[in-house]
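Please explain how the interior of this protein is arranged, beginning with the lining of its largest cavity. A guided reading in prose would be appropriate.

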Amino acid sequence: MADLVGIFSSAVGPIVAIAGVGYVLATVKDLDPEPLNTAVVYVLAPALVFHSLAVTELETTTLLRVAVGIAAFTAVMWAIAETAGRIVGEREPALSGLVLVAIFCNSGNLGIPVSDFAFGEIGRQTAVLFLSVQSVLMYTVGVYVASRSSGSAGLEGVRRVFYIPLVYAVAAALIARSLNLVPSAETASMETLQLVGEASIPLMLLILGIQLARSDTAAAVSRAWPATALKLGVAPIVGLGIALVLGFQDPTVARVFVLETAMPAAVTPLILVIEFADGSRSGGVLVSEYVSTCVFLTTVLSIPALTLVIAILQSGVVI
């Protein structure tokens with residue numbers, strides 16, 4: 001139990017602190033998060049994913065299996081969230097917000113340190129891979145869903161994908177790896193990419209804090225519980241099922257895969273909603289307020305939830 005307390009004090013505490021700084025800053029100063037969102041979407045996030053994908057040491061077969069697993073997880077959770085949302089009466093744009101919250105996990109600023117602490121070097125590398133693959137889906141599937149929430153469905157939503165640099169950053173990293181053209185991690189170019197990419201994590205958390213300070217979260221809390229239940233209750237079960245079906249050769253990779261699917265809602269969906277659906281309302285609540293509330297609730301409630309998941313995974317009972 002002491003080790004689990006250490007995991008959360010080292011992983012969750014800094015996250016809460018950085019988001020808190022953003023909240024206080026937005027309370028004191030009237031800040032607009034949109035310019036910060038633009039910097040993350042078009043500069044910082046592409047650098048983070050390119051560097052992470054380019055330097056990972058996991059085998060190609062593991063890369064492919066994890067990628068297939070993440071795609072399957074995204075598809076299954078999308079179907080579940082879409083169905084559950086309609087059952088509880090959600091309609092656009094909140095329905096798309098619910099889908100974004102349910103299918104995308106905080107695999108970066110929370111998933112990587114927790115996985116590293118719980119499962120060591122393999123845990124960290126698997127978490128970075130999870131982040132890289134999920135980032136591609138965030139800026140393809142996620143952009144489409146966010147665009148749909150503002151009424152820009154169909155081809156218009158898909159077209160926006162091709163204006164997101166991260167997609168090209170992933171392609172460039174994969175090509176560089178396949179041709180053995182990735183520079184050494186110690187070179188100035190790679191160190192610069194790492195520095196720029198790592199800046200995206202605290203900035204995303206500052207954006208979350210700023211958005212929470214600007215949001216009427218009380219109005220959105222009552223509507224956020226279905227998404228919260230899907231994210232913390234259903235998602236880990238779906239992740240476990242997919243891991244068992246895929247049959248990872250390395251049990252540690254399988255356990256980290258499940259742990260990543262159990263993470264709270266990612267901050268990036270909030271960034272996408274602000275970027276592509278800013279101003280959209282549902283029942284008097286801004287979709288950005290709805291998503292930020294879901295991120296806040298799932299992050300806070302993930303502390304006991306992840307404690308249980310880590311204990312089960314480390315015991316080896318299920319994998």
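In this predicted model, helix α5 supplies the largest share of the lining of the largest cavity, namely five residues. The elements that contribute two or more residues to that lining are α2 (34–55), α5 and α9 (200–214). Of the 18 lining residues, Gly108, Leu131, Met138, Met204 and Thr268 are the closest to the centre of the cavity. By class, the lining comprises 11 nonpolar and seven polar residues, with no charged residues. The volume enclosed is about 170 Å³, and the structure holds two cavities of 30 Å³ or more.

The packing of nonpolar side chains can be considered next. The largest nonpolar core contains 86 residues, and Val40, Tyr139, Leu259 and Val291 have the most contacts inside it. Helix α5, which spans residues 111–149, gives the most to this core, with 13 residues. A second core, separate from the first, consists of five residues, including Leu48, Ile112, Ala127 and Leu131. Leu131 thus appears in this second core and also among the residues closest to the centre of the largest cavity.

Helix α4 offers a further view of the interior. With a cut-off of under 20% relative accessible area for a buried residue, 10 of the 10 residues of α4 (residues 94–103) are buried, and the helix is therefore largely enclosed by the rest of the structure. The buried residues of α4 include Leu95, Leu98, Val99, Leu100, Val101 and Ile103, together with Ala94, Ser96, Gly97 and Ala102.

Technical notes: Residues are numbered from 1 along each chain as its sequence is written. This is a predicted model: local features need pLDDT of at least 70, side-chain atom pairs count only at pLDDT 80 or more; totals for chains, interfaces and linings use all residues. Side-chain values use heavy atoms; hydrogens and water are left out. A nonpolar core is a set of buried Ala, Val, Leu, Ile, Met, Phe, Trp, Tyr and Cys residues joined through side-chain atoms within 4.5 Å. Buried means under 20% relative accessible area, exposed over 50%, partly exposed in between (1.4 Å probe, protein chains only). Helices (H or I, at least four residues) and strands (E, at least two) are DSSP runs, numbered from the N terminus. On a 1 Å grid over the protein atoms alone, a cavity is a set of points where a 1.4 Å probe fits but cannot get out, and a pocket is an open set with protein on both sides within 12 Å along at least five of seven lines; lining residues have an atom within 4 Å of a point. Grid points are joined across faces, edges and corners, and a volume is the space filled by probe spheres set on the points. Ala, Val, Leu, Ile, Met, Phe, Trp, Tyr, Cys and Pro count as nonpolar, Asp, Glu, Lys and Arg as charged, and the others, Gly among them, as polar.
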